[in-house]
Amino acid sequence: MVRLISLMTLLTGLLAPGLQRERPSTNDFLTLDGARPIIDNQRASVWDLAWTRGVPAAMERPSSNSVWISVAPTPGTVVYWPKGAERRAAQSPNAPARTVVIDLKDQPAPAKLENKSGFPNAFPRPGSKKVFENDRIVVWDYTWTPGLATPMHFHDKDVVVVYLKDGALKSTTPDGKSTVNALIVGKTTFNARDRVHTETLIEGESRAIITEFK
């Protein structure tokens, strides 16, 4: 297990080249359990980070905008860090901390996709909670109800989905074809826009933080 590596150094080296580094204090050390890239495309780079101690001091001034989604110990907490802000890690003295970091890329957004499906857009939907919005993204907190299908809906935006519960979701398209997706805590996916389906929780529980790209 890697020891005595600051989260500032980790994020500076892995997430965004050209960051203006802050000098950590001698107490800003932690033990890393893992830092792995999980998604990289034209819209974003996404990382899964875990550590066993928090770093209360300022870590960096990032050269990109990013969204931090907490998986543990406070599932579902969302923090948006604008370009140039001083990122700060939350302390976690009694439990490992795990966060999914979505680093937004400064690529031109694709043309807005018109919904010609005849079904409503994926969000907002009954039971969804908007937790953040700006000119780049919209972030939703949604919990599925066991056995209750969502309305058939159209995804007009690309999304990153971070799952916070263990379960299984059945996705069904308008032609009746279904697939079952097994979910575990922390599973993160990128789903392209221009999709129509309904979802039904058929096993366990399912809550997710869903980041839509405008």
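**Entry 1. Overall content.** I looked up the secondary structure of the chain and found one helix and 16 strands. I note at the outset that the model is predicted. I then turned to burial: of the 214 residues in the chain, 45% are buried. For the surface, I recorded an exposed area of about 10,800 Å², of which carbon and sulfur atoms supply 53%. I also looked up the contacts in the chain with a separation of 6 or more, and 72% of them are accounted for by residues 24 or more positions apart.

**Entry 2. The open sheet.** I traced a sheet of four strands, which is open and runs in the order S10-S15-S12-S13 with antiparallel pairing. Its edge strands are S10 (153–155) and S13 (178–183), each of which pairs on one side only. I looked up the angle between neighbouring strands of this sheet: on average they are turned by 40° against each other, with direction ignored. I recall that strands of a sheet pair through backbone hydrogen bonds, either parallel or antiparallel.

**Entry 3. S12 and S13.** I next examined one pair in that sheet. Strand S12 (residues 167–172) runs antiparallel to S13, and six bridges join the two. As a reference point I noted Ser171, whose bridge partner in S13 is Thr179.

**Entry 4. S9 and its partners.** I asked how many of the seven residues of strand S9 (residues 137–143) are buried. The count is six, so S9 is largely enclosed by the rest of the structure. I then looked up the strands that pair with S9. Strand S8 (residues 129–133) pairs with S9 in the antiparallel sense over four bridges, and the two form a hairpin with three residues between them. In this pair I found Glu133 opposite Val138 of S9. Strand S16 (residues 207–213) also runs antiparallel to S9, to which seven bridges join it. Here Val139 stands opposite Thr211 of S16.

**Entry 5. Ser206.** I located Ser206 in the loop between strand S15 (195–204) and S16. Is Ser206 buried or exposed? Its relative accessibility is 1%, and the cut-off for buried is under 20%, so Ser206 counts as buried. I then listed its contacts, leaving aside neighbours within four places in sequence. Ser206 touches Tyr142, Thr143 and Trp144, together with Tyr163, Lys165, Leu169, Leu183 and Leu201. Among these, I matched Tyr142 and Thr143 to the range of S9 (residues 137–143), Leu169 to that of S12 (residues 167–172), and Leu183 to that of S13 (178–183).

Notes
Residues numbered from 1 in each chain as written. Predicted model: local features only at pLDDT ≥ 70, side-chain atom pairs only at ≥ 80, totals over all residues. Heavy atoms only, no water. Pairing = 2+ DSSP bridges. Axes fitted to C-alpha atoms, helices over the stretch in contact; angles between N-to-C directions. Buried < 20%, exposed > 50% of the residue type's maximum accessible area, 1.4 Å probe, protein only. Contact = heavy atoms within 4.5 Å. Areas by Shrake-Rupley, 256 points an atom, 1.4 Å probe, with all protein chains shown as cover.
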